[in-house]
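Work through the exercises below with the structure beside you. Try each task before you read its solution.

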Amino acid sequence: MNEGSKLKPIFPKWMNAFPTVMFFAVNTAVICVIAGMWYYATPKFWEVGYMPTQPGGGFNHQIHAGRLGMDCRYCHTNVEKAWHANVPAVKTCYGCHAEGKLLISGGSDGISKLHNEKTQFIRDSYDADKPIEWRNIHVVPDYANFPHNAHINAGVSCYSCHGQIEGMPVVVQVESLSMGWCLDCHRDTEANLVPKERITDLWWVENEWFAKPVDERQHGGKTPEELKAMLMRDPPLHCSACHF
Ligand code: HEC
Ligand code: HEC
Ligand code: HEC
Ligand code: HEC
Ligand code: HEC
């Protein structure tokens, strides 16, 4: 006798399709999550390469910081002093670009004339007593705190966060500035520190320091390990350090 044939099935018949339905449902959910992450994460990556048009034809770091060898702090005077970095006031530019002050050596009249035209916006702005409206490139949202000075003082080079500025005719954002990016460095401090006196020497940092594997880096008797040991504290990983 077959007992089983009398038993009512526990699951109704349509439930046989359950695994198949679940399979598609789960897949759809996974795809939605991935698509969502894609949608929300992508704009971050789009900011890499952000390069707005600047007033008056712009400012050329390759000429000033690269070829003329000016230190970043000549213009960005706050970088190691304040929570926020600064761009220079027009009077810093005027110091060199006042009328007739800068004679381009070896330049024919044509070159001097072109130079005068290219730098006229500085004198216009100075005479009108109006700041040059530089457009901001690197921005961390307000709900996250980024103390610029703490990083410079700890021995993180501009190069790590802004790229090879000394070679840029126009500043372009090279890092995502996302939370993951902050944390990657906070977890791997040793690989990202440079000797303090070299912080703004970006060619040296790129070609003499970062070009070598971490355990071969050494300068003036300092190794990455020793640089890390000199830090007051490890970079924070807990949420409240960056989100008050
Ligand atoms: C002669 C003055 C001067 C010097 C020297 C100088 N800068 Fe600048 N910097 C500027 C000006 C003006 C701007 C704003 C215009 C622009 O973005 O190109 C600027 C913009 C920047 C920005 C983009 C700021 C933003 O909006 O996010 C970074 C990053 C930067 N400079 C880094 C450096 C580094 C690194 C050095 C040294 C290697 C350096 N600068 C040397 C004048 C200077
Ligand atoms: C210490 C002196 C000095 C300071 C300060 C300085 N410049 Fe210059 N700048 C120069 C010299 C020198 C040149 C010419 C470089 C060359 O072409 O050989 C130049 C060239 C330029 C040019 C012409 C670029 C080109 O494509 O030929 C512009 C525009 C300019 N500077 C803008 C600025 C601005 C804006 C500031 C302030 C943020 C500034 N400079 C600060 C020395 C200076
Ligand atoms: C640890 C990463 C990091 C280092 C190192 C770093 N910066 Fe920045 N910098 C940033 C971030 C992130 C911002 C945007 C900050 C914000 O929005 O509050 C920024 C902003 C700036 C600005 C824009 C200020 C403004 O008013 O628009 C300048 C200029 C600048 N940095 C120059 C420098 C110079 C010069 C150095 C080296 C001496 C340097 N930075 C080192 C990450 C860094
Ligand atoms: C390339 C390396 C690097 C990157 C990128 C970086 N940091 Fe840091 N950060 C450090 C180091 C090193 C310290 C340790 C400074 C100290 O306290 O001596 C630090 C310290 C800090 C501190 C604590 C400062 C203090 O006074 O104790 C905060 C907050 C912080 N970082 C926020 C950020 C945020 C937000 C970002 C991303 C937008 C970021 N950092 C990206 C290296 C980095
Ligand atoms: C080193 C600094 C740092 C630490 C530590 C940190 N965050 Fe963030 N967080 C950031 C920055 C910078 C952003 C903004 C990134 C951007 O521009 O999208 C951010 C963004 C966020 C966002 C918004 C994400 C979005 O896509 O809009 C959330 C939520 C968040 N953080 C939560 C946390 C939590 C929870 C923790 C602790 C587990 C934490 N954060 C730790 C720096 C940090």
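**Exercise 1. Find what covers the buried residues of helix 9.**

Solution. Start with the cover: helix 7 is part of what covers the buried residues of helix 9. Next, the ground rules. This is a predicted model, in which local features need pLDDT of at least 70, side-chain atom pairs count only at pLDDT 80 or more, and totals for chains, interfaces and linings use all residues. Residues are numbered from 1 along each chain as its sequence is written, while chains are lettered from A and ligands numbered from 1 in the order in which they are written.

Now list the buried residues. Helix 9 spans residues 202-209, and its buried residues are Leu202, Val205 and Trp209. They lie on the same side of helix 9, because they cover an arc of only 95 degrees around the axis. (The arc is that of the directions from the helix axis to the C-beta atoms. A residue is buried if 20 or more other C-beta atoms lie within 10 Å of its own, exposed if 12 or fewer, and partly exposed in between; C-beta atoms are placed from the backbone.)

**Exercise 2. Describe the protein as a whole.**

Solution. Count the elements: the protein has 11 helices and zero strands. (Both are DSSP runs numbered from the N terminus: helices are H or I with at least four residues, strands are E with at least two.) Then turn to burial. Of the 244 residues, 14% are buried. Last, look at contacts with a separation of 6 or more: 77% of them join residues 24 or more positions apart. (Two residues are in contact if their C-beta atoms, placed from the backbone, lie within 7 Å.)

**Exercise 3. Examine two residues with positive phi.**

Solution. Recall the background first. Most residues other than glycine have a negative phi.

- Take Asp129. Its phi is near 55 degrees. Asp129 sits in the loop between helix 5 and helix 6. Asp129 counts as exposed, because it has 7 C-beta neighbours inside 10 Å.
- Take Leu177. Its phi is about 60 degrees, and it is not a glycine. Leu177 lies in the loop between helix 7 and helix 8. Leu177 counts as partly exposed, because it has 17 C-beta neighbours inside 10 Å.

**Exercise 4. Analyse the shell around ligand 1.**

Solution. Count first: 24 residues surround ligand 1. (A residue is near a molecule or strand if its C-beta atom, placed from the backbone, lies within 6 Å of it.) The closest are Cys72, Cys75, Ile137, His138 and Cys158. Helix 2, helix 3 and helix 7 each give at least two residues. Sort by class: 14 are nonpolar, nine polar and one charged. (Ala, Val, Leu, Ile, Met, Phe, Trp, Tyr, Cys and Pro count as nonpolar, Asp, Glu, Lys and Arg as charged, and the others, Gly among them, as polar.)

**Exercise 5. Repeat the analysis for ligand 2.**

Solution. Ligand 2 has 20 residues around it, and Phe59, Cys93, Cys96, Lys118 and Thr119 come nearest. Helix 2, helix 4 and helix 5 are the elements that give two or more residues. Helix 4 gives the largest share, five residues. The classes are 11 nonpolar, eight polar and one charged.

**Exercise 6. Finish with ligand 5.**

Solution. Here 17 residues surround ligand 5, and the closest are Ala144, Met179, Cys182, Cys239 and Cys242. Two or more residues come from each of helix 1, helix 8 and helix 11. Helix 8 supplies the largest share, four residues. By class, the shell around ligand 5 has 13 nonpolar, three polar and one charged residues.
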